[in-house]
Amino acid sequence: CPPRCRVKYGEHRETGAPVAIKACSLALIQRWRTAHGRAVSEGRSWSECRIEDPQSEVSFVAVGCLAPVSQRNLLPTQAEVMRVLASPGHANVIRLDQVLQDPEYLYIVMEFANGGDLFDILRAGVLTEDWTRHLFRQLVDAVRYCHSHGVVHGDISPENCLVTDNANIKLADFGGSTMYNAAGFGRERVVGKSFYMAPEILLLFDEPPSISAYDGFQADVWSC
């Protein structure tokens, strides 16, 4: 998967509004891109890329002191995709507020969802049929919005469905997302968790492969 970024809680200095801040090491982004390019050239899946982060923590950052990102080549795909989805935005898709940088890190400042994730709710065993239907409809609507903007999420799972304190879904974690390709995606774009993965994606790993590509939109729908 792409290099793991650390998500921190923050507050807007002027308004006091809560935000989630994903801190991504610029060095790790570049190292992962190099490893991914090597894996693709060797016919391996990008999920086989592994890089180690020598840093265990990210220092607290005063967001107001950082500069907006001006170089598009520094943006991970996640930030690019979230910018596409930000206009006009959707009530069930986590909102991108800003992308900032300092010499070492890229900071993706996002809407804060304070109710945990859907996996927490499933584990607690408190879902009723009515509540399940309510959340499912919201998830489907969020995925429909992404697809209408040409975005493939690529990693839809209960862990990536955040929940607000008023029981609304917020589809999040676009680290495995990309723009739709009508020709489909091969092993180089296999992301997500196998528990929720569309069957055709797994067929890519048959020997020999049963298919050569999968449709990103269809795979997202299966994961719902």
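Me: How many disulfides does the structure hold?
Reply: Zero, where a disulfide is a pair of cysteine sulfur atoms within 2.5 Å. Keep in mind that this is a predicted model, in which local features need pLDDT of at least 70, side-chain atom pairs count only at pLDDT 80 or more, and totals for chains, interfaces and linings use all residues. Residues are numbered from 1 along each chain as its sequence is written, and side-chain values use heavy atoms, with hydrogens and water left out.

Me: Which cysteine sulfur is nearest to that of Cys161?
Reply: That of Cys224, 7.6 Å away, and Cys161 is in no disulfide.

Me: Is Cys161 buried or exposed?
Reply: Buried means under 20% relative accessible area, exposed over 50%, and partly exposed in between, with a 1.4 Å probe and protein chains only. Cys161 has 1% relative accessibility, so it counts as buried. Cys24 is buried too, because its relative accessibility is 2%.

Me: And how do I read empty space inside the model?
Reply: Rolling a probe the size of a water molecule over the atoms shows where empty space is left. On a 1 Å grid over the protein atoms alone, a cavity is a set of points where a 1.4 Å probe fits but cannot get out, and lining residues have an atom within 4 Å of a point. Here there are two cavities of 30 Å³ or more. The largest has about 160 Å³ of space, a volume being the space filled by probe spheres set on the points, which are joined across faces, edges and corners.

Me: Which residues are closest to the centre of the largest cavity?
Reply: Gly154, Asp155, Val191, Ile201 and Asp220, out of 20 that line it. By type, the lining has 10 nonpolar, six polar and four charged residues; Ala, Val, Leu, Ile, Met, Phe, Trp, Tyr, Cys and Pro count as nonpolar, Asp, Glu, Lys and Arg as charged, and the others, Gly among them, as polar.

Me: Where does the largest share of that lining come from?
Reply: From helix H6 (residues 216-223), with four residues. Helices (H or I, at least four residues) and strands (E, at least two) are DSSP runs, numbered from the N terminus.

Me: Which residues of H6 are buried?
Reply: Gly216, Phe217, Ala219, Asp220 and Ser223. Down the helix axis they fall within an arc of 160 degrees, so they line one face of H6; the arc is that of the directions from the axis to the C-beta atoms. On the other side, Gln218, Val221 and Trp222 are exposed.

Notes
On a 1 Å grid over the protein atoms alone, a cavity is a set of points where a 1.4 Å probe fits but cannot get out, and a pocket is an open set with protein on both sides within 12 Å along at least five of seven lines; lining residues have an atom within 4 Å of a point.
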